[in-house]
Amino acid sequence: MEKTHAQEADIRAFRSQVEDIRAQIAKEIVGQQEVVDHMLMALIAGGNVLLEGVPGVGKTRLVRSLGRVFDLPFKRIQFTPDLMPADVTGTNIIVKDASGNSTFQFQPGPIFSNIILADEINRATPKTQSALLEVMEEKQVTIDGVTRRTGDPFIVIATENPVGSAGTQLLPESQLDRFMICVKMGYPSVEEEIEILRRAQSGEAVENVFPILEQTVLLLLQKEVREVFVHERIYRYIAELAKATRENEWTELGISTRGTVALTKMAKAAAYLQGRNYVIPADVMDVFEDVAIHRIILNMKAKVGHIRTEELIRRIVEQVRQPSLQKRR
């Protein structure tokens with residue numbers, strides 16, 4: 001995709017307008033700045049996001065705001081135990097023409113959009129969850145032998161209720177691995193909650209969030225992020241971090257190769273948001289927990305020893321030596 005002068009100006013403007021984007025989202029979301037920043041990184045890295053948190057903390061509102069800032073078509077799918085795969089992907093229906101002849105016609109499901117909110121994804125059955133596997137990885141849907149592409153860009157942002165909540169089921173590892181990052185929205189502070197209560201009285205809607213950049217510019221931003229330079233020592237650092245998640249006494253399952261690719265993409269996005277065209281170790285450290293936390297499966301020894309995944313990730317970051325990018329003399 002070739003850039004016009006206007007598009008190049010938009011990309012330069014994006015780097016200077018990050019604060020404007022944050023300000024627009026802040027019209028609807030009070031606090032949660034780290035969550036917003038990391039979701040913004042995932043968006044320009046082209047990855048899917050798993051958003052965890054108890055009901056009622058603003059997960060859906062955040063996704064809608066993010067879509068509106070980039071002026072992207074948005075579809076919400078409410079996952080329930082009775083939701084069927086065809087309700088997500090679409091299906092062929094019988095249509096009669098004027099002469100009475102019947103033909104099959106494809107009726108696209110809500111998955112054919114740019115930003116998909118899979119709300120409470122862990123309430124659906126495994127059969128319905130599996131309908132997302134192909135589209136999350138390959139951005140296409142195959143029905144009755146016919147493959148159809150989704151919109152571009154295409155990003156799934158799924159909200160998940162805490163494990164053990166009423167009516168929830170564990171997501172399979174294959175699906176968890178398709179989420180580039182997992183971020184958690186917690187409860188607001190007292191001051192933040194007071195501000196939320198003030199705003200609730202005004203009845204302001206998400207329409208107060210104004211678009212900052214167009215869809216075509218986001219595609220160019222994603223291309224720019226892919227071109228951010230990664231030094232060979234950074235690649236080795238990422239590989240060593242992944243190895244440490246796989247080869248230790250606490251884990252049953254570590255980060256996959258897909259996970260290391262996701263970590264690299266997120267580190268590039270982190271560098272880009274900082275105005276750099278190269279990755280430093282701090283970029284990797286900044287996003288490592290979000291990339292790793294839903295991919296690491298603890299073994300029984302860790303559970304008996306009350307080792308939490310966050311604690312294990314912290315130990316790994318401390319143990320794996322950071323590379324120096326200074327020229328050796």
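**Asking why: salt bridges, helices and a sheet**

User: Why is Arg314 called partly exposed?

Analyst: Arg314 has a relative accessible area of 43%. Partly exposed covers the range between under 20%, which is buried, and over 50%, which is exposed, so Arg314 at 43% belongs in that middle class. Please keep in mind that this is a predicted model.

User: What makes the contact between Arg314 and Glu318 a salt bridge?

Analyst: The closest N and O atoms of Arg314 and Glu318 are 3.2 Å apart. The rule asks for a side-chain nitrogen of Lys or Arg within 4 Å of a carboxyl oxygen of Asp or Glu, and 3.2 Å therefore satisfies it. Both residues lie in helix 15, four residues apart, about one turn of the helix. An α-helix has 3.6 residues a turn, so residues three or four places apart point the same way. Glu318 has a relative accessible area of 58%, and is therefore exposed. Elsewhere, Glu52, Lys184, Arg308 and Glu310 are joined into one network by salt bridges that share partners.

User: How many salt bridges does the rule give in total?

Analyst: The count comes to 13 salt bridges. Among them is the one between the side chains of Arg315 and Glu311, at 2.7 Å from N to O. These two are four residues apart in helix 15 (residues 309–319), so about one helical turn separates them. Arg315 is partly exposed at 26%, and Glu311 is partly exposed at 23%. The side chains of Glu227 and Lys223 also meet in a salt bridge, with 2.7 Å from N to O; Lys223 is partly exposed, its relative accessible area being 25%.

User: How do you know that the length of helix 10 agrees with what is expected at 1.5 Å a residue?

Analyst: Helix 10 (residues 215–226) has 12 residues, which should span 16 Å, and its end C-alpha atoms are 17 Å apart, so the two values agree. The buried residues of helix 10 include Val217, Leu221 and Val225. Helix 11 (residues 232–246) passes the check too: its 15 residues reach 21 Å from first C-alpha to last, close to the 21 Å expected.

User: Why can one say that the buried residues of helix 11 line one face?

Analyst: The buried residues of helix 11 are Ile234, Tyr237, Ile238, Leu241, Ala242, Ala244 and Thr245. Viewed down the axis of helix 11, they fall within an arc of 160°, so they line one face. Glu232 and Arg236 are exposed residues on the face turned away from the buried side. The buried residues pack against strand 10 (251–253), helix 12 (257–273), helix 13 (281–292) and helix 15.

User: What makes strand 2 and strand 9 edge strands?

Analyst: The open sheet has five strands in the order 2-5-8-1-9, with parallel pairing. Strand 2 (74–78) and strand 9 (181–184) each pair on one side only, and are the edge strands. From one strand to the next the twist averages 20°.

User: How do you know that strand 1 and strand 9 pair?

Analyst: Pairing needs at least two bridges, and strand 1 (residues 49–52) and strand 9 have four, in the parallel sense, so they count as a pair. Within this pair, Leu51 stands opposite Val183 of strand 9. Helix 3 (residues 33–45) packs on the sheet, where it touches strand 1, strand 5 (115–119), strand 8 (155–160) and strand 9. The direction of helix 3 makes about 160° with that of strand 9.

Note on methods
Residues numbered from 1 in each chain as written. Predicted model: local features only at pLDDT ≥ 70, side-chain atom pairs only at ≥ 80, totals over all residues. Heavy atoms only, no water. Axes fitted to C-alpha atoms, helices over the stretch in contact; angles between N-to-C directions. Contact = heavy atoms within 4.5 Å. Buried < 20%, exposed > 50% of the residue type's maximum accessible area, 1.4 Å probe, protein only. Expected span 1.5 Å × (residues − 1). Arc of directions from axis to C-beta.
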